[in-house]
Amino acid sequence: MADPIWRPTPRMRSEDPTLPAQVMPGPDNPMGTHALYLGFPTIAIHGTNKPYGIGRRVSSGCIRMFPEDITQMFSMVPAGTKVTVVDQPIKAAWIGNRLFLEVHPTQEQAALMEREGAIPDYQLTEKDLAYIMRVAGPSVETLDWPSIRKVVKERKGYPIAIAAKADPAQPEQPIKKAER
């Protein structure tokens, strides 16, 4: 929806009685200029009038995007598009001939980081290792485990190339450590 109206939930209004019943479209609207509703009554993917809050745990469940990104996505995504919300701290995928690893803090780690300012250590679990090796498939032998451990430790939240498939027509080119 373009120009959404923000309606704080009853829980939000009980926690902060000064919140209005609704905020009309405009610069004070926390939803920004566009919202994609997900079929949940109180959760949407939307822009924001406070971009510094993106990526922080300041929402009541919505997914915030930069104003320019939600505008672009809104124009590309037809109504009824299936959306899968994933709570998966470690994701891996092949894009072309390169294997990427993306690591985020877990919900518990993010809460600890915000509450105490501490950056908790994270060790690869057997499940994490099995997942990465499964996604790597036949290229598992090309994985650079010290680089993978570094990506996991840093949890930067964006995809980093960790391996490359050999192209039979090209001489083998090993991927550089934690290439961005």
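A residue is called buried when its relative accessible area is under 20%, exposed when it is over 50% and partly exposed in between, using a 1.4 Å probe and protein chains only. Helices (H or I, at least four residues) and strands (E, at least two) are DSSP runs, numbered from the N terminus. The model shown here is predicted, so to speak plainly about confidence: local features need pLDDT of at least 70, side-chain atom pairs count only at pLDDT 80 or more, and totals for chains, interfaces and linings use all residues. Residues are numbered from 1 along each chain as its sequence is written, and side-chain values use heavy atoms, with hydrogens and water left out.

**Figure 1. The two sides of helix H5.**
Welcome to helix H5, which spans residues 145-154. Its buried residues are Ser147, Ile148, Val151 and Val152. These four cover an arc of only 140 degrees around the axis (taken from the directions from the helix axis to the C-beta atoms), which puts them on the same side of H5. Turn to the other side of H5 and you will find Pro146 and Lys153, both exposed. The buried residues are covered by contacts (heavy atoms within 4.5 Å) from elements including strand S4 (90-95), strand S5 (98-103), helix H4 (126-136) and strand S6 (160-164). Directly after H5 comes Arg155, with a positive phi near 45 degrees.

**Figure 2. Helix H4 and what covers it.**
Which residues of H4 are buried? They are Asp128, Leu129, Tyr131, Ile132 and Ala136. Around the axis they cover an arc of only 165 degrees, which puts them on the same side of H4. On the face turned away from this buried side, H4 carries the exposed residues Glu126, Lys127 and Arg134. S4, S5, H5 and S6 are among what covers the buried residues of H4. In the view of H5, H4 likewise appears in the cover of the buried residues. Just after H4, look for Gly137, whose phi is positive at about 60 degrees.

**Figure 3. Strand S5 between its partners S4 and S6.**
Five of the six residues of S5 are buried, so this strand is largely enclosed by the rest of the structure. Two strands pair if DSSP finds at least two bridges between them. S5 pairs with S4 in the antiparallel sense over six bridges, and with S6, also in the antiparallel sense, over four bridges. A handy residue to centre on is Leu99 of S5, the bridge partner of Trp94. In S6, Leu99 has Ala163 as its bridge partner. The hairpin of S4 and S5 has two residues between the strands, and here Gly96 takes a positive phi near 65 degrees. As a reminder for reading such views, in a regular strand the side chains alternate between the two faces of the sheet.

**Figure 4. The open sheet of S1, S2 and S3.**
How are the three strands of this open sheet ordered? The order is S1-S2-S3, and the pairing is mixed. Strand S1 (35-37) and strand S3 (63-64) are the edge strands, each pairing on one side only. Between S1 and S2 the pairing is antiparallel, over three bridges. To follow one bridge by eye, start from Leu36 and go to its partner in S2, Ile45.

**Figure 5. Thr106, a loop residue after S5.**
Thr106 sits in the loop between S5 and H3. Is Thr106 buried or exposed? With a relative accessible area of 15%, Thr106 is buried. If its neighbours within four places in sequence are left aside, Thr106 is in contact with Pro89 and Tyr122.

**Figure 6. Asp121, in the loop leading to H4.**
The loop between helix H3 (107-116) and H4 holds Asp121. Asp121 is exposed, with a relative accessible area of 53%. Not counting residues up to four places away in sequence, Asp121 touches Gln109 and Arg155. Arg155 also appeared in the first view, as the residue that follows H5. For a sense of scale, Asp121 and Phe40 are 81 residues apart in sequence and 34 Å apart in space, C-alpha to C-alpha.
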